[in-house]
Amino acid sequence: MDEKAEFEVFELKDAKSVPDIIHPYSSEVKNGQVPIVIDNGSYNCRVGWATQSKPNLVFKNLVAKTRKERGKKDGELQVGNDITNLEAVRFQLKTQFDRNVAIHMEVQEQIFDHVFSHLGIDSDGSVNHPVMLSEAFLNPNFSRQSMSELLFECYGVPGVCYGVDALCSYYAKEEGNLERSQSGLIINLGHHTMHIIPLIDGAVDVTHARRINIGGFHVTSYMHRLLQLKYPVHFNAITLSRAEELVHNYSFVPEEYGVVLNHWADQDYYDKHVLRIQLPYVAPPAVSSLTADQQKERRKELAKRLVEINARKRDERLAEDEDMLSQLLEVQSLINSGQEKAFQKALSSFDMGSEAELVKQIGNLQARIQRTKQKIAAANSTEDVVVSEEPKPKIPKQTALRLRDGEDAESWLARLRKDRAELFEKKAARLQKRQDMSKRRTAAAQERMRIISELAKRDKKEDNFGMRDEDWDVYKAIRRDGGDSDSEEEQERLVEIEEVLRQNDPTFVEGVVEFIPTNPGEAHQLHVGVEKLRATEILFQPGMVGIEEAGLTETLAYVLKQYSPEKQNKLVSNIFLTGGCSAIPGLKERLVREVREIRPFQSEFQVNISKNPSLSAWNGAREFANMPSFSKDCTISRHDYTEKGGEYLKEHKTSNIFNASPAPLCQPLVGATEDVEMEIF
């Protein structure tokens, strides 16, 4: 226990989100038509004015509609940080994204309502500010068309500019890096997908760009699944939000996965590096510190209360039976007075079919009422006797409980305490074995099935199992109750030992056993070991979770092979990491090692990471929205939307490439050709 006390135990924060405030709508922002910058990420949504250095709103891109309460027409709609407890509404959460593409516009509309209202915009009927909005790389035209239709038709914005989040992050002017190279390899590690985007002389090469359908969501889900499989007894306590907290705060990417994995097989390494997480639990009730007289008085009060409860139940039962008897007697009086129709109607109301059944029911009620009255009379006469009765202490009969010759009192009491602890350990072991027998995949249950299968496959002419004394041991081993139950002899011995300790040991406390750990929370601890690196390894080995795609390094090597050696050198000279998952510790070092392995010997390359991976896309979009030519050269106006369609996109250095959808083939209606011919002739 002393060694365990040295280990540090971490507690889960279970942080609750704080609802967003409604920001003031200043006249400077209102009159200047300052652009609204929205980084519409599949994990977080970041919203703010282009003139500010930080976003006003940062919330999870989720919507939940709570259950309808009684007396209300609809349930309450909660968006983002308004959802203080995600796990309580986990199965009611909705998002506008399918992976990283926004397609559910009804959810997106609810998000926009939340955004514009909490920015304080109070203009009537429209939002009089241009919007700089991020979108996925190679976003489908259908998604952009639906988004433009929502912004122009529903909110009446004067203009919209779309920018790719990875490119906005790449061009953001961060500290120490005022201007990016015109060539490089952008690796965007998002919540649902990863993108590898080649940039050659300022132009995005979409032909050789690649997408991997794995991201931070899969890392969290894998951590969640690993811990639930490892600790099935804490299945409900290991929630997705807690797994996400473990990934964000404690997971890392090892530089050499196989080598580090082998280290965890060493017990000393495991004890030194394992992460002990304390799950919330309810502490067991404190042991009663009442004296013997106080316990005696408490037993009297409980006995008296029990007598009163039973008496009240008997009175209520007697009143119900007497009321039912009076009703049945009234029904019986109907037949005596000759009212046949009323009698039959009354019988049907009591689910009876004949007069004989009525007479039988009346007799049963009268007998039951008589018995209840006798019980009430007997209980009233013996109430004082029952309350005053006390359990008589048992006198130890076995000589083993007495003081031995030459044995001092301390040794005798220590021996009794040891015997008591051993009896409790035997009972606990039998209980654990019974629990293991009831579970399918435990060692005890598998051993039971092995023995049964061995007995079943024996080639015998006659079944003589049970004729030998050894068969009893086999039978006990395969019984579901663990082979033995708590014997009366052990229970009597335990009662005798406790009675001796109660009379002779002033430190004895009932209900406390010495082998019980002093820290009850140890049973509610998670030991997170290899899970810290296994969860993040799926970014490089998606096959670990059954995704049949290449990992990050393999895809990177494939992309580089599409170029000449000169262009390869240009690309690897500036490998840029962005996105929320790029903040995982060790990711940059792992990528540096693996790029070195796939590149020619002694070739030069450079891997950079964004200063703030989660916020750099919003910062880049804000800087872009502050450009003088933003409104003229980059923004889609309402006139453009009306004339060129919702999928139209003005290209710029942070945008996707616009490829218009082909026009649908016009097929004439059935019979249209004949009508034309008739008109000609």
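**Close-up 1. F10 stands opposite I277 of strand β16 in this predicted model.** F10 is part of the view of strands β1 (9-11) and β16 (275-278). These two strands run parallel. Three bridges join them. In general, strands of a sheet pair through backbone hydrogen bonds, either parallel or antiparallel.

**Close-up 2. Three strands make an open sheet.** The order is β1-β16-β17. The pairing is mixed. Strands β1 (9-11) and β17 (525-528) sit at the edges, and each pairs on one side only. From one strand to the next, the twist averages 35 degrees.

**Close-up 3. Helix α19 has its buried residues on the same side.** The helix spans residues 565-572. Its buried residues are Q568, L571 and V572. They cover an arc of only 85 degrees around the axis, which puts them on the same side of α19. An α-helix has 3.6 residues a turn, so residues three or four places apart point the same way. What covers the buried residues of α19? The cover includes two strands, β12 (184-189) and β13 (194-200). It also includes helix α18 (552-561) and strand β18 (575-578).

**Close-up 4. F116 and Y155 meet edge-to-face.** The whole structure holds 12 aromatic pairs, according to a search. In the pair of F116 and Y155, the ring centres are 5.0 Å apart, with 65 degrees between the planes. F116 lies in helix α3 (residues 105-118), while Y155 lies in the loop between α4 (141-154) and β11 (159-164), so the pair ties together parts that are 39 residues apart in sequence. Are these residues buried or exposed? F116 is buried, and Y155 is buried too. Ring pairs also bring in F112, giving a cluster of F112, F116 and Y155.

**Close-up 5. F152 and Y641 form a stacked pair.** Their rings lie 4.8 Å apart, centre to centre. The angle between the planes is 20 degrees. Which parts of the chain does the pair link? F152 belongs to helix α4, and Y641 to helix α23 (residues 638-644). These distant parts of the chain are 489 residues apart. Both F152 and Y641 are buried.

**Close-up 6. R590 lies over the face of F540.** R590 is 4.3 Å from the ring centre of F540.

**Close-up 7. K653 lies over the face of Y171.** Here the distance from K653 to the ring centre is 4.7 Å.

Note on methods:
Residues are numbered from 1 along each chain as its sequence is written. This is a predicted model: local features need pLDDT of at least 70, side-chain atom pairs count only at pLDDT 80 or more; totals for chains, interfaces and linings use all residues. Side-chain values use heavy atoms; hydrogens and water are left out. Buried means under 20% relative accessible area, exposed over 50%, partly exposed in between (1.4 Å probe, protein chains only). Helices (H or I, at least four residues) and strands (E, at least two) are DSSP runs, numbered from the N terminus. The arc is that of the directions from the helix axis to the C-beta atoms. Contact means heavy atoms within 4.5 Å. Rings of Phe, Tyr and Trp (its six-membered ring) pair if their centres lie within 6.5 Å; planes under 30 degrees apart count as stacked, over 60 as edge-to-face and the rest as tilted. A charge sits over a ring if NZ of Lys or CZ of Arg is within 6 Å of the ring centre and within 35 degrees of the ring normal. Two strands pair if DSSP finds at least two bridges between them. Axes are lines fitted to C-alpha atoms, for helices over the stretch in contact, and angles run from 0 to 180 degrees between N-to-C directions.
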